[in-house]
Amino acid sequence: MTNVKVAGVTVDTRHFINGERVASDETFTNTSPIDASPLGEISRGGQREVDMAVAAARAAFPGWAATSPKDRAAIMHKIADLVEERVSELANVETMDNGALLRSHLRGVMPRVAHNFRFFADYLVNDLGHPDFETRGHNNHVSWDPSGVAALITPWNAPLMLATWKIAPALAAGDTVVLKPAEWTPLTASLFADITAEAGLPAGVFNVVQGYGKEAGASLVAHPDLSRISFTGSVPTAKSIARAAADNLTPCSFELGGKSPCIVMEDADLELAATLAVEQYDNAGQVCLSGTRILVHENIADAFAEAFKAKVATLRQGDPRDIETDIGPQVHRVHFERIKGFVDRAKDGGANIVFGGEPNAELGGLYFSPTLVKNPEVDSEIVTQEVFGPVLTMQTFTTDDELVAMANGTEFGLAAILVSGNREHADVIAKQLVAGTIWVNCFFVRDLRAPFGGSKKSGVGREGGTWSFDFYADVKNTVVSP
Ligand code: NAD
């Protein structure tokens, strides 16, 4: 089978290599998290398909690298136009595939896919670079040259958005691309491949190999003919990619997991704090940046908990296609069981479950109720490990030193949310937090010019704005004598 119909949209489930559809002998079954219904058979790639895709990308590289930044940008804007025309199709298919809210896909995520392309196209033409400078009369000129074939490996929690966050800067930089999407959510990458062809991107510049991480993914990252590997996903996978990349010294960028604190200071606006805390359940808790550890000042802990509980009680859990739904299902049975395991073990250890703690009995399937665990042991796994579900913990602190130690007390350092009524005090705390992004009295305000990435085990490197070009391009300094 090569074509499936999902939400009324025809999706070709074969690989996309050198501008053509390529099938594998074997397939794997893709199911919807909404109701476990099979969505279709997907081509299961391995070494053969990876070799074909990298060869196609390598062959297309000189032509794409020689295309002027303006011409590259024009095609990228055309891609954005087509994404905007198809927001509804992409949103509906993505919701069937990963179970995230249709409302978010329509209003935020898919428009952002188009924005990723427009932003990096314009950045390349208008903003990249800094003025030449002189050394003893010699002129230094810095340029960002295309580097070769970028391998992009992406997760399932925001499939097309996270893929285009890498594809757009890589293409803008003049690289060619091989994308390996997550096996639980292969569909929108395939639709996107059609869009690139329609927009006039030359054959071989963008390729998609579908398949499992341990097969297609592992073959791709071990390929000797890559210039870059950019990966978003879990820490264990990043370690195995780093080992494979080491043999070829392929530069890697890693955007990994998090266990971010959501800090509520004694002088915080409780209404704002509760609103921001509820947002940590977005995407059924499957957001790397989520502030899953609520750290609240002892003196306001009860008042905060009441305000928070009241807001959570208004959340509607259900079918993500319903525009009124706030929390959908988890992405996959395996992931659902993993989340349940964390909560069950916490309960076995005597954890205080304030609400939730169980699958949603009414909905069944993969719907796990929003959960709050109060005062778990500081070093328990529910506090230190990434659950990646709608499961928050709440702990209290009394002094700033205690707060900072708790906030920095995991191996992760992706983000932090800080709710405070005192800007100066917030600055003092923010300076001591180890994290790639810190939001003060807000959450998820993202600007593509800003560096994005994690400290400690949350990542290696930064992407966004110039940082993306620094990674995907070969940065060169040309010094000319007077
Ligand atoms: P994962 O590591 O299991 O898989 C991610 C991708 O890697 C998939 O495409 C998978 O097929 C592939 N893969 C698996 N094994 C591989 C191997 N040996 N070689 C090459 N590729 C391989 O992660 P996941 O479960 O899909 O995603 C969830 C994780 O991603 C969470 O930890 C989350 O925090 C993280 N994440 C981070 C960010 C960020 O920007 N920092 C964003 C979203 C998700």
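Modeller: A quick word first: helices (H or I, at least four residues) and strands (E, at least two) are DSSP runs, numbered from the N terminus. This is a predicted model, where local features need pLDDT of at least 70, side-chain atom pairs count only at pLDDT 80 or more, and totals for chains, interfaces and linings use all residues. Residues are numbered from 1 along each chain as its sequence is written.

Biologist: Thanks! Where does Trp184 lie?

Modeller: Trp184 is partly exposed because 19 other C-beta atoms lie within 10 Å (20 or more would make a residue buried, 12 or fewer exposed, and partly exposed is in between, with C-beta atoms placed from the backbone). As for its place in the chain, Trp184 sits in the loop between S10 and H6.

Biologist: Which residues is Trp184 in contact with, leaving aside neighbours within four places in sequence?

Modeller: Contact here means C-beta atoms, placed from the backbone, within 7 Å. Leaving aside those sequence neighbours, the contacts of Trp184 are Trp156, Val331 and His332.

Biologist: Is Ala189 in H6 buried or exposed?

Modeller: Ala189 belongs to helix H6. Beyond four places in sequence, Ala189 touches Pro159, Leu160, Ala163, Leu179, Pro181 and Val208. Because Ala189 has 25 C-beta neighbours inside 10 Å, it counts as buried.

Biologist: How is the protein divided into domains, and how many residues of domain 2 are in contact with domain 1?

Modeller: The division, from an automatic or database domain assignment, gives domain 1 (3–257 + 458–477) and domain 2 (261–440). Their centres, taken over C-alpha atoms, are separated by 31 Å. On the domain 1 side 17 residues take part, and the number in domain 2 is 21.

Biologist: Which helices each supply at least two residues of the side of domain 1 that touches domain 2?

Modeller: By class, that side has eight nonpolar, seven polar and two charged residues (Ala, Val, Leu, Ile, Met, Phe, Trp, Tyr, Cys and Pro count as nonpolar, Asp, Glu, Lys and Arg as charged, and the others, Gly among them, as polar). The helices that each supply at least two of its residues are H3 (87–98) and H4 (102–127).

Biologist: Where does the ligand lie with respect to the two domains?

Modeller: There are 30 residues around the ligand, of which Gly213, Gly217, Gly233, Thr237 and Gly257 come nearest (near means a C-beta atom, placed from the backbone, within 6 Å). Since domain 1 and domain 2 both give residues to this shell, the ligand lies between them.

Biologist: Which helix gives the largest share of the shell around the ligand?

Modeller: Helix H7 (213–221) and helix H8 (235–246) are the elements that give two or more residues to the shell. Seven of the nine residues of H7 are buried, so this helix is largely enclosed by the rest of the structure. Its cover includes helix H1 (47–66), strand S9 (149–153), strand S10 (176–180), strand S12 (228–232) and H8. With five residues, the largest share of the shell comes from H7.

Biologist: And how wide an arc do the buried residues of H2 cover?

Modeller: The buried residues of H2 (residues 69–85) are Arg72, Ala73, Ile75, Met76, Ile79, Ala80 and Val83. They lie on the same side of H2 because the arc they cover around the axis, taken from the directions to the C-beta atoms, is only 160°.

Biologist: Which exposed residues does the other face of H2 carry?

Modeller: H3, H4, helix H5 (159–172) and helix H6 (187–198) are among what covers the buried residues of H2. Turned away from that buried side, the face of H2 carries the exposed residues Lys70, Asp71 and Glu85.

How values were computed
Two residues are in contact if their C-beta atoms, placed from the backbone, lie within 7 Å.
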